[in-house]
Amino acid sequence: MKRILTGGILLGSLMLLQTIPARVAQEKPPERWQAVADFKVLRLWDIRELGPRWPEIAILQLSNERRKELEDDSLAFLRKYQIFKQVEEVRGHFELRLLKEKKEKAAGNEPYVVIVVHDESTYAGFGAFGVARIQ
């Protein structure tokens, strides 16, 4: 008799727990993209679950004008906007346009996603990807 009573109480309490709404934290996660001047930066080494500590990897959302500024003098750009704490030289870069042929004719105003890698030796390099839009 005690087993039936104990089982009934346990089953009843489980059924009552099911009807109580769960309290879910409604806090918004911290903004990971940081606004720098008129573009955005995501520093992966600051977000442990997204990227390694070394090499430092930053993802930039740039306009075509900012991309040109980065290409003209990469070292000055990285220092001016403090993308990394210390960088001594930019050793190379590449650019790809991920657009359809029709849109390439109107190239010049597309946004860019730029990935910059900075090694412990204080050297950096980057890849720029021209895209149709960033959402």
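**View 1. Arg-66 and the residues it touches.** Setting aside neighbours within four places in sequence, Arg-66 is in contact with Ala-37, Asp-38, Phe-39, Phe-77 and Tyr-81. Please keep in mind that this is a predicted model. With Tyr-81 there is also a polar contact, side chain to side chain, at 2.5 Å. Arg-66 has a relative accessibility of 16%, so it counts as buried, the limit being under 20%.

**View 2. Helix 2 across the strands.** Arg-66 belongs to helix 2, which spans residues 64–72. Helix 2 lies across strand 2 (39–43), strand 3 (56–62), strand 4, strand 5 and strand 6. Relative to strand 3, the helix runs at about 135 degrees.

**View 3. The open sheet.** Here we meet 6 strands in an open sheet, ordered 1-2-3-5-6-4 with mixed pairing. Strand 1 (34–36) and strand 4 are the edge strands, each pairing on one side only. On average, neighbouring strands of this sheet are turned by 25 degrees against each other, direction ignored.

**View 4. Strands 5 and 6 side by side.** Strand 5 (residues 112–118) pairs with strand 6 (residues 123–130) in the antiparallel sense, over 7 bridges. One place to look is Val-113, which stands opposite Phe-129 in strand 6.

**View 5. Leu-96 on strand 4.** Leu-96 sits in strand 4, residues 89–97. Apart from residues up to four places away in sequence, Leu-96 touches Ala-128, Phe-129 and Gly-130. Leu-96 and Ala-128 are 32 residues apart along the chain, with their C-alpha atoms separated by 6.3 Å. Leu-96 counts as partly exposed because its relative accessibility is 40%, a value between the 20% and 50% limits.

Key:
Residues numbered from 1 in each chain as written. Predicted model: local features only at pLDDT ≥ 70, side-chain atom pairs only at ≥ 80, totals over all residues. Heavy atoms only, no water. Helix = DSSP H or I, 4+ residues; strand = E, 2+ residues; numbered from the N terminus. Buried < 20%, exposed > 50% of the residue type's maximum accessible area, 1.4 Å probe, protein only. Polar contact = N/O pair within 3.5 Å; in protein donor to acceptor, adjacent residues only side chain to side chain. Contact = heavy atoms within 4.5 Å. Pairing = 2+ DSSP bridges. Axes fitted to C-alpha atoms, helices over the stretch in contact; angles between N-to-C directions.
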